[in-house]
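Let's take a walk through this structure together. Keep the view open beside you as you read, and turn it whenever a new part comes up.

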Amino acid sequence: MAQGSTVEAVVEAGEMRAAKGRSLWADARARFFRNKAAVASLVVLVLVVLFATFGQTVAQWSNEEIDWSLLGNVPQAGGPSLANGHYFGVDETGRDLYARTVQGTRISLAVGIVGALISVVVGTSYGAVAGYVGGRTDGAMMRFVDLMMSIPYMFVLILLLVVFNRSIVMLFLGIGLISWLDMARIARGQTLSIKNKEFVEAAIATGVSTPVIIFRHIVPNLLGVVVVYATLLVPQMIIFESFISFLGLGVQEPNTSWGALINAGADNLRNGTPWMLAFPLSFFIVTLFALFFLGDGLRDALDPKDR
Amino acid sequence: MKRRTLLSLTTATALAATPLLAADPPEDADLADTQTFSYRMLDQFPTLDPALNEETAGFHAIRQLFEGLVTQDSSGNLRPGVATDWSSEDNTTWTFTLRDDATWSNGDPVTAEDFVWAWKRAADPATASPYAWYIELSSIENAADIVAGDADPDTLGVEAVDEQTLRVTLDQPLPYFPAMTSYATFMPVHQETVEEHGSDWTDPRNMVSNGAYTLDEVSLNEFWRASKNPEYWGAEDVVIEEVTGYVINDVNQALTRWESDEYDMLEPLPAGSFPRLKEQYPEAAHSVPRLCSYYYALNQREDAIPELKDPRVRKALSYAIDRDVIVEQLLQGGQSPAYFFTHEATADFQEPQVEYAEWSQQERDARAKELMDEAGVDSLNLKLIYNTSESHKQIATVVSQMWKQKLGVETTLENMEWSTYLDVRKAGNFDVARSAWCGDYNEASTFLQILTTENEQNDGRYSNTEVDELMAESRTSDNPQELYTQIEELLAEDMAIIPVYHYANTFLLDTAVKGFPMQNVENNWYVKDFYRVADE
Amino acid sequence: MIPFILRRLLVAIPTILALIVFSFLLMDFAPGSPFATERGVPPEVLANLEAKYGLDKSLIERMGIYIWNVVTQFDFGPSFKFTDRTVNELIAQGFPVTLTYGFWSFVVAVAVGVTLGVMAAVFQNSWLDYLAVGVTVGAQVLPNFVMAPILVIIFTLWLGWLPGGGWQGGQIEYLVMPVIALSTSYMASIARITRSSMLEVLNAGFIRTARAKGLPMRRVVMRHALKPAMMPVISYLGPAFVGMITGSVVVDVFFSTGGIGQFFVNSALARDYSVIMGITILVGMLTVFFNLLVDILYAWIDPKIRY
């Protein structure tokens with residue numbers, strides 16, 4: 001246990017639970033920082049986020065501008081070059097791949113994060129309510145989750161994107177629609193195990209209303225598991241988006257995403273333009289690697305005994 | 001009759017030269033031991049029923065399995081199919097004489113009655129053919145009423161005078177009617193088979209056909225295969241024994257498999273790959289003109305944005321597009337820049353004098369800016385729709401950048417998949433719509449008629465009474481080509497649409513396969529004309 | 001057990017019905033018509049077509065007829081695009097293909113995944129573990145639409161060992177690449193799940209006791225640890241199998257195998273309503289069935305679970 005929290009624990013001796021909670025987090029932090037792979041992953045992710053946020057400021061081209069001097073001889077002259085400002089080369093229409101990768105990174109990260117967020121918010125509340133209320137409500141709510149899980153969501157998402165004009169909102173909606181189901185199940189399971197703990201019973205005894213109990217007392221105690229699961233969800237969402245882009249149902253031009261860039265790169269695999277695949281694919285793989293190791297690290301740190 | 005060279009072949013006298021009817025390897029050709037031909041298909045054809053077919057993949061297969069009255073030779077000219085000759089005095093009543101040795105694959109003779117039955121079936125609302133409009137287009141008497149369900153299919157203006165004579169009566173003179181009969185909709189079907197098996201008649205076990213090949217197998221989304229039909233009247237001149245079409249959805253995958261020698265012909269090639277492939281396989285890579293024009297339709301409807309109704313703005317948008325960049329740097333497949341609508345390779349078409357075609361791109365750009373100023377447009381935001389496709393995307397990207405950089409016009413690109421795109425385009429929910437038109441037959445009117453006021457395909461709703469009148473006049477004129485040229489000049493003056501390029505068909509063909517019709521701008525190939533030489 | 005199965009089957013019925021209604025409404029709402037062509041179909045021809053397929057009836061009527069036919073005769077009606085085939089015929093052609101390579105991918109994913117996971121756990125923190133973790137994360141993040149073309153370039157173009165596509169009744173050489181492309185990411189997930197669950201079990205008291213008694217590691221793992229360690233893997237199998245069925249979209253596009261994935265995407269794009277509905281319902285039923293199977297398997301392995 002770190003010294004700082006011990007001191008604080010003494011100061012706030014009256015609030016046993018709070019102190020215990022804090023030391024738990026501190027413990028977790030210590031465990032996390034002992035895991036080299038996880039720390040390295042965190043650094044990588046911070047770098048990727050910085051790249052997405054500020055990458056455009058060092059770009060010499062916008063993501064839609066065409067370098068007319070390269071159009072038509074991309075395989076010969078379109079490769080990565082510092083001289084003409086195309087650090088990552090250009091795509092098949094002579095647009096700067098660096099700027100496009102920055103922009104694609106934004107979209108892909110956004111998809112991952114928004115998908116995970118929807119899952120966290122909806123799934124956690126849903127699972128917590130079902131688990132805490134219990135009985136018939138729980139039964140009905142979980143049957144609904146079963147029902148949703150029986151829907152071949154990949155097909156439904158394809159349908160949604162085909163039927164409605166594709167847009168990023170639709171993509172978020174479609175991804176959010178399915179991502180919360182697993183989370184709801186996990187949150188419910190955890191709720192069941194903590195709802196009989198003393199602090200919950202104490203809260204009930206002092207007449208705290210059910211919604212307050214759920215969102216003040218239950219949900220914060222689910223966070224460990226939720227955070228772990230969410231970090232593993234982000235890469236899934238990103239992979240998912242790349243599949244959608246592969247089907248040609250992704251974001252509209254001139255916007256792009258990792259999936260769209262990788263797909264275009266793979267299409268040009270034989271055209272002597274390896275950079276079109278290499279750069280976006282590297283970002284994709286490195287980020288996903290980092291997310292997976294970060295997730296593992298967080299899990300080991302927050303949830304040492306449990307899976 | 002003397003109007004068109006294409007049609008001059010429709011007279012019996014022109015046949016005296018005996019056009020090539022089948023494979024014709026030179027005497028000294030070293031033929032391969034196994035005579036097979038295989039090609040790639042982008043998508044599975046939905047049907048092999050000639051009456052129901054509406055798309056290219058199906059037509060490629062049906063053309064091998066069935067034979068209509070006439071077929072096309074390697075230059076796209078008509079040559080005898082089941083009919084040995086055909087004639088008309090007034091272009092309204094057509095008489096076809098059928099060969100007496102044409103047989104179905106089960107040995108039954110192919111008679112005029114087979115055609116009568118097939119055509120009535122295609123027009124019959126009960127058949128619900130999506131291509132019934134083609135029968136209408138051919139102007140056969142009562143066709144329109146039959147398709148609409150207002151007349152009995154038996155009233156169709158076609159009759160079997162005797163077993164070998166077919167007489168067709170049209171509503172109006174149509175000099176190119178015989179050419180239209182080369183399409184699938186006008187091919188004969190075997191009445192007994194269709195009646196016996198219903199919609200299952202196209203199953204390989206049931207199908208009876210009259211073409212050079214008979215169907216062996218269809219494995220959906222995988223391949224289809226046919227082998228030589230011994231009952232075919234010209235069987236002894238058919239060299240290729242077996243035809244296979246492989247469905248390979250992904251074009252790059254298709255290319256890898258072609259390079260691995262898995263099949264003979266890949267068409268079309270991946271966007272932008274032609275120069276590399278031409279260099280790598282100079283003998284196998286081809287680019288030939290294809291009778292289609294790529295253009296941007298401009299919305300000029302009542303509720304369209306006012307700027308696009310101003311011809312000056314339309315011209316400025318057109319001038320600002322550097323077609324040479326699109327054709328030479330982006331597509332790089334032998335396409336040609338288009339400054340007018342009709343494909344330049346269209347039979348007998350006389351190219352119009354369009355002045356901006358002669359200018360340099362700098363001149364066009366300068367003029368475009370002037371026109372925008374004259375029109376008083378300083379900010380314009382256009383919605384450009386296109387259907388999902390790599391090359392449409394690239395062209396739209398490039399065009400939108402040209403407009404932005406030269407004219408300051410902002411463009412919102414909207415890519416949608418095919419069905420939605422057709423819907424949106426039909427409803428006019430666009431400012432600019434990527435479009436293309438392929439000739440139904442090799443004559444300029446097939447292009448120009450779609451810019452007449454009432455035409456279904458006129459999605460931008462361009463309307464000019466002068467164009468309409470000239471089009472009407474051309475139907476009966478002795479010199480329609482002159483009128484077509486005049487129409488093109490009017491279209492350029494109004495900038496009714498923005499012509500972008502004229503298609504070329506790029507493909508890879510195994511060098512051992514000979515006899516491919518390189519001059520057929522409609523891309524109608526008959527495997528019976530091919531032969532395979534031994535690899536050196 | 002029996003009542004549990006019955007209860008789950010009862011839930012399946014409204015699920016399937018909801019799926020039918022949902023897809024029906026979605027299809028009805030979709031812009032574009034199955035009969036649309038570039039040239040445009042004259043209204044009278046369109047009317048003929050709509051009459052032929054019963055589209056001139058009201059939505060409720062059509063839905064009623066459809067559900068009736070599906071329920072009473074398992075008849076999904078005629079295809080709109082494949083005019084001379086019924087949906088049942090199309091499914092009869094595509095579904096066995098998908099099931100075949102789906103099944104083999106499943107077998108490969110489980111066999112390789114479990115082996116890798118167990119090895120990594122048993123030799124935790126050895127080079128073998130790191131290699132296994134690295135390989136599995138890599139396999140999980142490499143999109144299969146990138147892997148598929150690379151496989152073909154290597155095995156077909158360069159080595160000439162395998163045909164680049166096709167099915168030919170499912171001969172072994174046509175199966176290899178689809179199975180690799182489809183199974184890899186699931187194999188990786190299974191390996192990761194196995195590893196962490198195995199680690200947990202190996203640290204449990206009863207295993208330590210067994211080890212202390214001097215039992216060889218190999219025996220401990222096979223006899224005692226494997227079964228409990230498989231629990232989380234089993235709960236993953238349901239979604240994994242369904243994922244492989246829906247994942248057939250990529251396999252079909254790249255390897256021309258002719259499975260239902262290709263039918264589904266093409267039909268969605270062409271608005272072939274009846275084919276879309278048929279495949280959605282079929283895959284929905286399969287999903288329900290597999291989730292049920294997994295639950296039964298779960299109960300069978302761990303008799304403590306009560307339903």
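## A walk through three chains

Let's begin in chain B, at strand β16 (residues 432–438), which is mostly covered, with five of its seven residues buried. Bear in mind as you look that this is a predicted model. Which strands pair with β16(B), and in what sense? One partner is strand β12 (residues 285–298) of chain B, which runs antiparallel to β16(B) and is joined to it by seven bridges. The other is strand β14 (residues 381–387) of chain B, paired with β16(B) in the parallel sense over two bridges. To find these pairings on screen, go to B:Val432. In the antiparallel pair, B:Val432 is the bridge partner of B:Leu298. In the parallel pair, B:Leu384 stands opposite B:Val432. While you are there, it helps to recall that side chains in a regular strand alternate between the two faces of the sheet.

Now zoom out to chain B as a whole. The domain assignment gives domain 1 as 6–245 + 510–532 and domain 2 as 289–504. Taken over C-alpha atoms, the centres of domain 1 and domain 2 of chain B are separated by 34 Å. Where the two domains of chain B touch, nine residues of domain 1 are in contact with ten residues of domain 2. The domain 1 side of that contact is made of six nonpolar residues, two polar and one charged.

UniProt, in an unreviewed entry, places the feature "domain: Solute-binding protein family" at residues 78–458 of chain B. Over that stretch, chain B is 31% helix and 22% strand, and the C-alpha atoms at its ends are 29 Å apart.

How confident is the predictor in chain B? The mean pLDDT is 89, and 96% of the residues in chain B reach 70 or more. Among the elements of chain B, strand β11 (residues 265–266) has the highest mean pLDDT, 96, while helix α1 (residues 5–8) has the lowest, 38. Residues 1–17 of chain B have a pLDDT below 50, and this stretch has 32 contacts in the model beyond near neighbours in sequence. Where pLDDT is low, the predicted coordinates should not be read in detail.

Next, follow chain B to where it meets chain C. Here 44 residues of chain B are in contact with 43 residues of chain C. On the chain B side, at least two residues each come from α4 (132–137), β10 (242–247), α8 (251–259) and α15 (418–427). Of these, α15(B) gives the most, with six residues. The chain B side as a whole divides into 16 nonpolar, 14 polar and 14 charged residues.

Moving into chain C, you can use the UniProt record as a guide. Its unreviewed entry lists "transmembrane region" at residues 9–27, 103–123, 130–160, 172–191, 233–255 and 275–301 of chain C. Try two of them. Residues 9–27 of chain C are 100% helix, with end C-alpha atoms 27 Å apart. Residues 172–191 of chain C are also 100% helix, and there the end C-alpha atoms are 25 Å apart.

Chain A comes last. It has twelve helices and zero strands. Of its 307 residues, 48% are buried. Among the contacts in chain A with a separation of 6 or more, 71% join residues 24 or more positions apart.

A good place to stop in chain A is helix α7 (residues 153–163), where nine of the eleven residues are buried. Among the buried residues are A:Tyr153, A:Phe155 and A:Leu161. What covers the buried residues of α7(A)? The cover includes α8 (168–194) and α10 (210–246) of chain A, along with α1 (2–29), α10 (231–246), α12 (260–270) and α13 (273–301) of chain C.

Chain A also touches chain B, in a contact that takes 17 residues from chain A and 21 residues from chain B. The chain A side has five nonpolar, six polar and six charged residues.

Finally, check the confidence in chain A. Its average pLDDT is 80, and 90% of its residues score at least 70. Confidence in chain A is highest in helix α3 (residues 36–54), at a mean of 91, and lowest in helix α1 (residues 3–11), at 35. Over residues 1–20 of chain A, pLDDT stays under 50, and the model has 15 contacts for them beyond four places in sequence.

Key:
Residues are numbered from 1 along each chain as its sequence is written. Chains are lettered from A and ligands numbered from 1 in the order in which they are written. UniProt positions are given in the numbering used here, feature names are shortened, and annotations may be inferred rather than shown by experiment. Helices (H or I, at least four residues) and strands (E, at least two) are DSSP runs, numbered from the N terminus. A residue is buried if 20 or more other C-beta atoms lie within 10 Å of its own, exposed if 12 or fewer, and partly exposed in between; C-beta atoms are placed from the backbone. Two residues are in contact if their C-beta atoms, placed from the backbone, lie within 7 Å. Ala, Val, Leu, Ile, Met, Phe, Trp, Tyr, Cys and Pro count as nonpolar, Asp, Glu, Lys and Arg as charged, and the others, Gly among them, as polar. pLDDT is the predictor's confidence in each residue, from 0 to 100. Domain bounds come from an automatic or database domain assignment. Two strands pair if DSSP finds at least two bridges between them.
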